[in-house]
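Student: I have a structure to study today. Can we go through it step by step?

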Amino acid sequence: MAVRADIVIDNATIIDGTGSPGVPGGIAVAGDRISVVGDVSGVEARHRIDAGGHVVAPGFIDCHTHDDRMLLDEPGMTCKVTQGVTTVVAGNCGVSLAPFLPSDDWDMPVPMALLGEKKQYKFPSFRDYAKAFERAPAAINAAMLCGHNTLRAEAMQGDVKRPATEIEIARMQQKVRETMEAGAIGISSGLMYPAGFDAPTSEVAALAEAAGKYGGLYATHLRDEAEKLVQSIEEAAEIGRAGQVAVVLSHHKITGRNNWGGTKLSLERIEQLAEGQTIHFDVYPYVASATALMVERISVAEKVLIVASDKHPRTAGWYLHDIAEEWGMTQAEAAEELIPAQAIYFAMHEDDVRRVLAHPRAMVGSDGIPGTDAPHPRLWGTFPRVLGYYSRQEKLFPLETAVHKMTGHTASVFGFRDRGVLRPGAVADITVFDPETVLDRATFEKPTTPSDGIDHVIVGGEVVFEDGKQTAARPGRLVRRDAA
Ligand SMILES: [Zn+2]
């Protein structure tokens with residue numbers, strides 16, 4: 001008797017997300033789950049996809065994003081779908097859209113504007129955000145972190161240049177509990193940013209403890225990614241131990257010419273720490289970073305590219321040194337004039353990027369910041385760049401390892417039990433791509449160019465991308481952390 005399914009992908013190379021070598025075969029999908037992995041010749045389906053020998057893999061998990069608002073405002077999530085991404089983790093770097101209501105009495109501290117203007121922060125609780133998402137889901141799934149900077153801005157009424165008081169900490173802990181109960185997967189911090197910098201370690205640890213009681217994890221944009229990188233890792237580990245939570249170091253890197261090569265030491269230290277606690281990191285495959293324009297960050301970079309400036313929109317896509325020259329100012333003076341603004345900082349060395357990316361603990365996360373016309377190309381290119389440039393062209397690691405870093409490994413670190421692997425019973429989040437042509441096309445000059453080589457993307461058993469085109473399906477769900 002014939003086995004029935006909704007979708008069959010046949011004539012493929014199966015790379016299952018565990019890191020195991022690819023094998024020929026196919027997979028079948030019934031409802032929102034994978035029903036068969038391997039021989040699908042006897043399976044009948046209304047929708048048959050001939051993969052033409054291309055790779056079928058679990059849908060990619062972008063574990064470091066700032067997509068909180070875009071998930072609601074641009075639910076097609078084209079910049080992610082076109083890369084084969086089926087799940088994003090949002091609320092990173094201490095900044096989440098919820099829970100937060102702005103006030104007329106004080107300005108939002110940097111870097112909260114990365115997610116939107118005041119009027120776009122409109123969810124007093126994470127439950128409200130979750131409801132909005134579930135009412136009008138995106139094309140892809142989302143898991144959410146609760147941001148320390150966001151919590152602190154509200155609890156401290158914008159007066160963030162000091163440690164929080166006990167009462168303010170209690171208020172933030174209560175918000176963490178409510179957020180975790182409503183389905184968030186943990187907390188994030190951004191201790192390098194003005195909004196979080198004056199928080200002592202103990203303040204963050206108190207929130208980690210609250211999240212830990214619900215099995216949450218702690219993702220952190222470290223206090224320092226330059227001279228004091230290792231010290232900052234120690235702080236993150238201390239917070240992890242205090243809260244008894246797994247730690248994810250965000251966008252692991254070292255910046256500043258004088259510090260290049262320092263990831264040898266940082267990775268060694270992470271390995272030592274990992275013997276006593278759970279600690280991993282994400283990384284994006286570029287030597288330039290991007291965030292709010294901050295005067296104190298300029299000197300660390302080789303050059304600075306302006307992404308957006310409210311006061312001087314025409315400077316988007318210009319280098320700061322060119323703007324400074326035209327205006328007859330120093331770069332610092334020009335930056336003061338441009339702020340509030342976003343910028344790309346060229347401050348890393350390629351060897352450090354490769355060393356971090358190749359490390360077995362590394363997960364791929366784009367750190368893309370949507371919402372501007374000239375974003376860092378990582379927003380559109382991260383995943384195909386790891387597959388096509390770093391794995392196929394540069395041979396930094398085998399394709400199976402590249403896929404593992406964006407699927408099975410990530411799902412296991414984040415506790416997404418039924419995702420990130422191809423096996424019967426797993427959620428049918430699937431990406432089919434051509435291993436010979438997959439490649440990023442987004443560049444610093446043309447940052448919103450879609451990637452090559454992504455054939456099909458399936459989210460929860462529904463096709464969201466097919467033959468180079470996005471479908472109207474919006475099957476995304478909020479993903480919780482299953483494994484505590
Ligand atoms: Zn960050």
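Student: How many helices and strands does the secondary structure of the protein come to?
Tutor: This is a predicted model, in which local features need pLDDT of at least 70, side-chain atom pairs count only at pLDDT 80 or more, and totals for chains, interfaces and linings use all residues. Residues are numbered from 1 along each chain as its sequence is written. Helices (H or I, at least four residues) and strands (E, at least two) are DSSP runs, numbered from the N terminus. The count for the protein is 15 helices and 20 strands.

Student: What is the radius of gyration of the protein?
Tutor: The radius is taken over C-alpha atoms, and the globule rule is 2.2 Å times the number of residues to the power 0.38. For 484 residues that rule gives 23 Å. The protein's own value is close to this, so it is as compact as a globular protein of that length. The radius of gyration is 22 Å.

Student: What percentage of the residues count as buried?
Tutor: A residue is buried if 20 or more other C-beta atoms lie within 10 Å of its own, exposed if 12 or fewer, and partly exposed in between, with C-beta atoms placed from the backbone. The protein has 484 residues. The buried share is 58%.

Student: Which domain is made of residues 288-347?
Tutor: Domain bounds come from an automatic or database domain assignment. Domain 1 takes 3-58 + 420-439 + 446-470, and domain 2 takes 60-287 + 348-414. Residues 288-347 form domain 3.

Student: How many Å separate the centres of domain 1 and domain 3?
Tutor: The centres are taken over C-alpha atoms. The separation is 42 Å.

Student: Which strands stand at the edges of the open sheet of eight strands?
Tutor: Two strands pair if DSSP finds at least two bridges between them. The order is β6-β7-β8-β9-β10-β11-β12-β16, with parallel pairing. Each edge strand has a single partner, so one side of it is left without a neighbour in the sheet. The edges are β6 (60-62) and β16 (362-364).

Student: What is the bridge partner of Ala219 in β11?
Tutor: β10 (residues 217-221) pairs with β11 (residues 247-249) in the parallel sense, over three bridges. In β11, the partner of Ala219 is Val248.

Student: Which strands are at the edges of the open sheet of three strands?
Tutor: The order is β13-β15-β14, and the pairing is antiparallel. An edge strand here pairs on one side only. The edge strands are β13 (288-292) and β14.

Student: Which residue in β15 does Ala288 stand opposite?
Tutor: β13 and β15 run antiparallel and are joined by five bridges. Opposite Ala288 in β15 stands Phe346.

Student: Why are the buried residues of α11 on the same side?
Tutor: Helix α11 spans residues 331-338, and its buried residues are Ala334, Ala335 and Leu338. The arc is that of the directions from the helix axis to the C-beta atoms. These residues lie on the same side of α11 because they cover an arc of only 100°.

Student: Which elements do the buried residues of α11 pack against?
Tutor: Two residues are in contact if their C-beta atoms, placed from the backbone, lie within 7 Å. The packing partners of these buried residues are two helices and two strands: α9 (295-298), α10 (320-327), β14 (303-309) and β15 (341-346).

Student: Which residue in β17 does Val56 stand opposite?
Tutor: β5 pairs with β17 (residues 430-433) in the antiparallel sense, over four bridges. Opposite Val56 in β17 stands Val432.
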